[in-house]
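Here is a short walk through one protein structure. Keep the sequence and the 3D view side by side as you read.

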Amino acid sequence: PPADGPTPLAAPGAWRWTARTDDVDRHAHAQPDWHQQYEQLSPGRFQGLVQHVQLPGLRLVREESSQALRQRGDLGTGAYGFAMPLQQTEAAIFNGQRVDRDAVMVGRSEELDLCSPRDFRLIAAVVDADLLASLWERMYLKPLSPWIRAQLVLPARPAAAEALRSLHQAAMATATGDGAPLRDELALRQLRDEVLIEWIEVLPPQVDTSELSRVAARKRLVDKACELMLSHTDEPLSMLEVCQRVGASRRKLNYCFQDVLGTNPVKYLRAVRLNGARRDLRGGGLAVQDVAARWGFWHLGQFSRDYKAQFGELPSTTAGHRDHRSPSG
């Protein structure tokens, strides 16, 4: 957990944590015990909020971000995640699948990949596999469905989705308030089961996985292109060279990037390079011109203008700040 620590709740291992953030890396580090990396894709100053409530076997989450992001990482092994938008200006993309307002993201907690738009808010629940399997079997009298190991976007009925949003937020408010649940382990466990049952019941009765292979193929192509482009940051490849090396036409590559990341390859690479430069500047030890050159920005004046447009400050300002990794809770 963050350096100043979460606030303990009544049950063993239960706690709460809230952080307001002003940088995507600080936002990633504000998620206790999770390993994630965020890239800021849209220009402007970043503002975020992270709220976590850890109950026995279940973590409840609320997250807000002011800028478009790509979020990748692991939420630990042996767990499953559920998530749903609270507010979004346009569709998000989860592992190459479109996420509308009343959609549920569900699946294993490893190798997550979420692209979210500006002014995005979500709720999420991350549950231990054993707890989910036990509750699932008691509810449906059969083992956990195998499709849940995939990472899927599933439709939810609007009324059920709205009821879930209300219950999830009310549960977080109850667990972080000053009432009886803070002092009673049984109440926390009952609260946990009530919320988890609601997340399970919002899922549709039938799940179609026939499109997953096509989605996975598009994502593999995009991942391969990204890896190739980022292996040549100091001397960026032309898009023609990238297309030749991944075996796709420019039109197909553009289509796949839009489908998987919501942007085109040129814009995505530029944003990732700027994010990489920001991390190097925050890490210290390198001059601004050296960092710019390392990430393929050979015109220092243009780099400074692009950097300020992306993050709201000059690279020299970033370089002058200490890297405080743990935000205040």
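Helix axes are lines fitted to C-alpha atoms over the stretch in contact, and angles between them run from 0 to 180 degrees between N-to-C directions. Bear in mind that this is a predicted model.

Start with two helices. H3 covers residues 158-175, and H4 covers residues 185-201. They pack at an angle of about 160°, with their axes 10 Å apart. Angles over 145 degrees count as roughly antiparallel, so H3 is roughly antiparallel to H4. The crossing of H3 past H4 is left-handed. On the H3 side, the contact is made by Ala163, Leu164, Leu167, His168, Ala171 and Ala175. H4 brings Leu191, Glu194, Val195, Glu198 and Trp199. Sorted by class, this contact of H3 with H4 holds 8 nonpolar, 1 polar and 2 charged residues.

Next, look at the nonpolar cores. The largest one has 41 residues. Which of its residues touch the most other members? They are Leu60, Phe82, Leu132, Leu196 and Trp199. H3 supplies the largest share of this core, 7 residues. Now follow Trp199. Not counting residues up to four places away in sequence, Trp199 touches Phe82, Ala83, Met84, Val104, Ile123, Ala124, Ala125, Leu164 and His168. Two of these names, Leu164 and His168, also appear on the H3 side of the contact with H4. Apart from the largest core lies another, of 22 residues. Cys115, Val246, Phe257 and Val260 are among its members.

Phe257 and Val260 lead to a second helix pair, since both take part in the contact of H7 with H5. H5 spans residues 212-230, and H7 spans residues 250-261. Their packing angle is about 105°, with axes 9 Å apart. Angles of 65 to 115 degrees count as roughly perpendicular, so H5 is roughly perpendicular to H7. From H5, the contact uses Arg218, Lys219, Leu221, Val222, Ala225, Cys226 and Met229. From H7 come Lys252, Leu253, Tyr255, Cys256, Phe257, Asp259, Val260 and Leu261. By class, the contact of H5 with H7 has 11 nonpolar, no polar and 4 charged residues.

Move on to helix H10, residues 300-311. Leu300 and Gln310 both belong to this helix. Is Gln310 buried or exposed? Gln310 has a relative accessible area of 2%, so it is buried. Leaving aside neighbours within four places in sequence, Gln310 is in contact with Gln40, Leu41, Ser42, Pro43, Gly44, Arg270, Ala271, Leu274 and Asn275. Leu300 is partly exposed, with a relative accessible area of 38%. With the neighbours within four places set aside, Leu300 is in contact with Val288, Gln289 and Ala292. Leu300 also lies 9.8 Å from Asp290, C-alpha to C-alpha, and the two are 10 residues apart in sequence.

Finish with two loops. Asn95 sits between strand E8 (92-94) and strand E9 (97-99). Asn95 is not a glycine, although its phi is positive, about 50°. Its relative accessibility is 11%, so Asn95 counts as buried. Glu111 sits in the loop between strand E10 (103-108) and strand E11 (112-116). Glu111 has a positive phi too, near 55°, and is a residue other than glycine. At 58% relative accessibility, Glu111 counts as exposed.

Key
Residues are numbered from 1 along each chain as its sequence is written. This is a predicted model: local features need pLDDT of at least 70, side-chain atom pairs count only at pLDDT 80 or more; totals for chains, interfaces and linings use all residues. Side-chain values use heavy atoms; hydrogens and water are left out. Helices (H or I, at least four residues) and strands (E, at least two) are DSSP runs, numbered from the N terminus. Angles under 35 degrees count as roughly parallel, over 145 as roughly antiparallel, 65 to 115 as roughly perpendicular and the rest as oblique. A crossing is left-handed if the near helix is turned anticlockwise from the far one by less than a right angle, and right-handed if clockwise. Contact means heavy atoms within 4.5 Å. Ala, Val, Leu, Ile, Met, Phe, Trp, Tyr, Cys and Pro count as nonpolar, Asp, Glu, Lys and Arg as charged, and the others, Gly among them, as polar. A nonpolar core is a set of buried Ala, Val, Leu, Ile, Met, Phe, Trp, Tyr and Cys residues joined through side-chain atoms within 4.5 Å. Buried means under 20% relative accessible area, exposed over 50%, partly exposed in between (1.4 Å probe, protein chains only).
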